[in-house]
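User: I'm a first-year student, and I'd like a close look at one part of this protein rather than a full tour. Please pick one residue and show me what surrounds it.

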Amino acid sequence: MRITCPHCGDRDSREFSYKGHALALERPALDAGAEAWDDYVHLRENPAGETRDLWHHHFGCGAWLVVTRNTLTHEVLGCELASEARR
């Protein structure tokens, strides 16, 4: 699988570390109840098909990325900096 880093260009996926679903960018407010935080920390989806995941370019520029990909075909559909994906 190949990922196109916005800074470094097309790279092999072995340069990156998978960090989970991009939902991690949408953390609950500090004053959210225990149930909201429990869901955020412990519950994860395992979708078949298109997903948005958080990746770290560990052996490259060090950027945090949101990669849109298809889990069935391993096709990478898009990649953007995590800081821009939150906006």
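Analyst: Here is a walk around Asp53, which then moves outwards to the sheet and the other pairs.

A quick note first: this is a predicted model, where local features need pLDDT of at least 70, side-chain atom pairs count only at pLDDT 80 or more, and totals for chains, interfaces and linings use all residues. Residues are numbered from 1 along each chain as its sequence is written, and side-chain values use heavy atoms, with hydrogens and water left out.

Let's start with where Asp53 sits. You'll find Asp53 in strand 4, which covers residues 50–56 (strands are DSSP runs of E with at least two residues, helices are H or I runs of at least four, and both are numbered from the N terminus). Asp53 counts as buried because its relative accessibility is 2% (buried is under 20% relative accessible area, exposed over 50%, partly exposed in between, using a 1.4 Å probe and protein chains only).

Who are its neighbours? Skip the residues within four places in sequence, and Asp53 is in contact with Tyr18, Gly20, His21, Ala22, Leu65, Val66, Val67 and Arg69 (contact means heavy atoms within 4.5 Å). The Asp53 side chain also makes two polar contacts you can look for: the partner in one is the side chain of Thr51, at 3.3 Å, and in the other the side chain of Arg69, at 2.6 Å (a polar contact is a pair of N or O atoms within 3.5 Å; within protein, one must be able to donate a hydrogen and the other to accept it, and residues adjacent in sequence count only if both atoms are side-chain atoms).

Now zoom in on Arg69. Its side chain and that of Asp53 meet in a salt bridge, 2.6 Å from N to O (that's a side-chain nitrogen of Lys or Arg within 4 Å of a carboxyl oxygen of Asp or Glu). Arg69 belongs to strand 5 (residues 64–70) and Asp53 to strand 4, so this pair ties together parts that are 16 residues apart in sequence. Arg69 is buried as well, since its relative accessible area is 12%.

Next, the sheet that holds them. It is an open sheet of four strands in the order 3-4-5-6, with antiparallel pairing (two strands pair if DSSP finds at least two bridges between them). Strand 3 (17–21) and strand 6 are the edge strands, and each of them pairs on one side only. On average, neighbouring strands of this sheet are turned by 30 degrees against each other, direction ignored. Strands 4 and 5 run antiparallel and are joined by seven bridges; look for Glu50, which stands opposite Asn70 in strand 5.

Glu50 and Asn70 come up again at strand 6 (residues 76–81), where Leu77 is found. Not counting residues up to four places away in sequence, Leu77 touches Glu50, Thr68, Arg69 and Asn70. With a relative accessibility of 42%, Leu77 counts as partly exposed. Leu77 and Arg52 are 25 residues apart in sequence, while their C-alpha atoms are 9.6 Å apart in space.

Remember Tyr18 from the list around Asp53? The whole structure has two aromatic pairs (rings of Phe, Tyr and Trp, the last by its six-membered ring, pair if their centres lie within 6.5 Å; planes under 30 degrees apart are stacked, over 60 edge-to-face, the rest tilted). In one of them, the Tyr18 and Trp55 rings have centres 5.4 Å apart and planes at 75 degrees, so the pair is edge-to-face. Tyr18 is in strand 3 and Trp55 in strand 4, 37 residues apart, and the pair links distant parts of the chain. Tyr18 is partly exposed at 45% relative accessibility, whereas Trp55 is buried with a relative accessible area of 7%.

Finally, back to salt bridges: the whole structure has five. Besides the one at Asp53, they include a pair between the side chains of Arg2 and Asp10, at 3.0 Å from N to O. Arg2 is partly exposed at 45%, and Asp10 is partly exposed at 40%. Compare that with Asp53, which counts as buried at 2% relative accessibility.

Notes
Axes fitted to C-alpha atoms, helices over the stretch in contact; angles between N-to-C directions.
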